[in-house]
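This briefing is meant for someone meeting the structure for the first time. Please look over the sequence and the model, and then read the notes below, which are grouped by topic.

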Amino acid sequence: MLARGLDPAPIVEHIVELAREQRARVREVSRSELDATARTESPQGVVALADPLPEADLADLVGDRAGVPFLLALDGITDPGNFGAVLRTAECAGVTGVVLPRHRSARITPTVAKAAAGAIEHLRFAVVPGMPSALRTLSSHDVWTVGLDAAGPRPLHELELSGEGVALVLGSEGRGLSRLVAQRCDVLASIPLRGTLGSLNVAAAAAVACFEIARRR
């Protein structure tokens, strides 16, 4: 969708050219219709409508097609900005799949997609009824579940990671890992802090932990 009456610009011409190459329909609409469709504060005159993201089964994320899994399990992150930033980090660090709870968690929205900067197009998502049972399933498939907790007894950089599958488990912004999820993790690990504050923002913690695991793998 293009807003009618847009000023000529190379970027708009390029978008139209790419859309036609992909045989995507391009149509001009009124500015008011485009603004209502975009649902953002400052749409820039172009909106693309895409099919919903496909959901994978949890078994798909640990199967042979995925190779050795490097998964991210998110236990109740609710802030769309944090969620999108975590997904962007995950994709850049080589995460092969993301496990999300069906309830009490942010969903993939335009705000999340924008913060993720394209990462949602390259990650596979499994939405599960409950995170504790999902972690049990992962363990049964020889995926080592590592819960990130500020009070975790083992520093993240001291974990011995070899060729096995691993799932990094992150808790919500406020309370962190829920009690049952923490109990189901194979190990609780922490990021050693040197300052006065007792914790990192979940998106920052995800960045540190994802790249530490990627480095050690």
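The chain carries 23 positive and 25 negative side chains, and the centres of these two sets lie 4 Å apart. The model is a predicted one, and every value given here should be read with that in mind. Some of the charged side chains pair up, and the structure holds 4 salt bridges.

**Salt bridges**

- Within helix α2, which spans residues 31-38, Arg31 and Asp35 are 4 residues apart, so about one helical turn separates them, and they form a salt bridge whose closest N and O atoms are 3.3 Å apart.
- Both partners of that pair are partly exposed, since Arg31 has a relative accessible area of 35%, while the value for Asp35 is 31%.
- Another salt bridge joins Glu33 to Arg27, with 3.6 Å between the closest N and O atoms; Glu33 counts as partly exposed at 34% relative accessibility, and Arg27 counts as partly exposed at 33%.
- In helix α8, made of residues 202-216, Glu212 and Arg216 are likewise 4 residues apart, and therefore separated by about one helical turn.
- The salt bridge between Glu212 and Arg216 has its closest N and O atoms 3.8 Å apart, and these two residues belong with Arg215 to a network of salt bridges.
- Is Glu212 buried or exposed? Glu212 counts as buried because its relative accessibility is 14%, which falls under the 20% cut-off, whereas its partner Arg216 is partly exposed, with a relative accessible area of 28%.

**Overall fold and surface**

- The chain is built with 8 helices and 9 strands, and its C-alpha atoms fill a box of roughly 60 × 45 × 30 Å when taken along the principal axes.
- Of the 217 residues in the chain, 42% count as buried, and the accessible surface comes to about 12300 Å², of which carbon and sulfur atoms account for 50%.
- Where contacts link residues at least 6 apart in sequence, 77% of them join residues that are at least 24 apart.

**A nonpolar patch**

- On the surface, Leu6, Ile11, Ile15 and Val46 form a nonpolar patch, and together they have about 290 Å² of accessible area.
- One member of this patch, Leu6, is placed in the loop between strand β1 (2-3) and helix α1 (10-21).
- Why can Leu6 belong to such a patch? Leu6 has a relative accessible area of 31%, and residues in a patch need over 30%, so Leu6 passes that cut-off.

**Positive phi angles in loops**

- Arg104 has a positive phi of about 55° although it is not a glycine, and Arg104 lies in the loop that runs between strand β4 (97-101) and helix α5 (110-116).
- The relative accessibility of Arg104 is 70%, and Arg104 therefore counts as exposed.
- Asp142, which is not a glycine either, has a positive phi of about 60°, and its place is in the loop between helix α6 (131-140) and strand β6 (143-148).
- Asp142 is exposed as well, with a relative accessible area of 62%.

How values were computed:
Residues are numbered from 1 along each chain as its sequence is written. This is a predicted model: local features need pLDDT of at least 70, side-chain atom pairs count only at pLDDT 80 or more; totals for chains, interfaces and linings use all residues. Side-chain values use heavy atoms; hydrogens and water are left out. Patches are made of residues with over 30% relative accessible area and no salt bridge: like charges are joined within 9 Å, nonpolar side chains (Val, Leu, Ile, Met, Phe, Trp, Tyr) within 5 Å. Accessible areas come from the Shrake-Rupley method with a 1.4 Å probe; for residues, only the protein chains shown count as cover. Helices (H or I, at least four residues) and strands (E, at least two) are DSSP runs, numbered from the N terminus. Buried means under 20% relative accessible area, exposed over 50%, partly exposed in between (1.4 Å probe, protein chains only). Contact means heavy atoms within 4.5 Å. Lys and Arg count as positive and Asp and Glu as negative; His and the chain ends are not counted. The place of a charge is taken as NZ of Lys, CZ of Arg, CG of Asp or CD of Glu.
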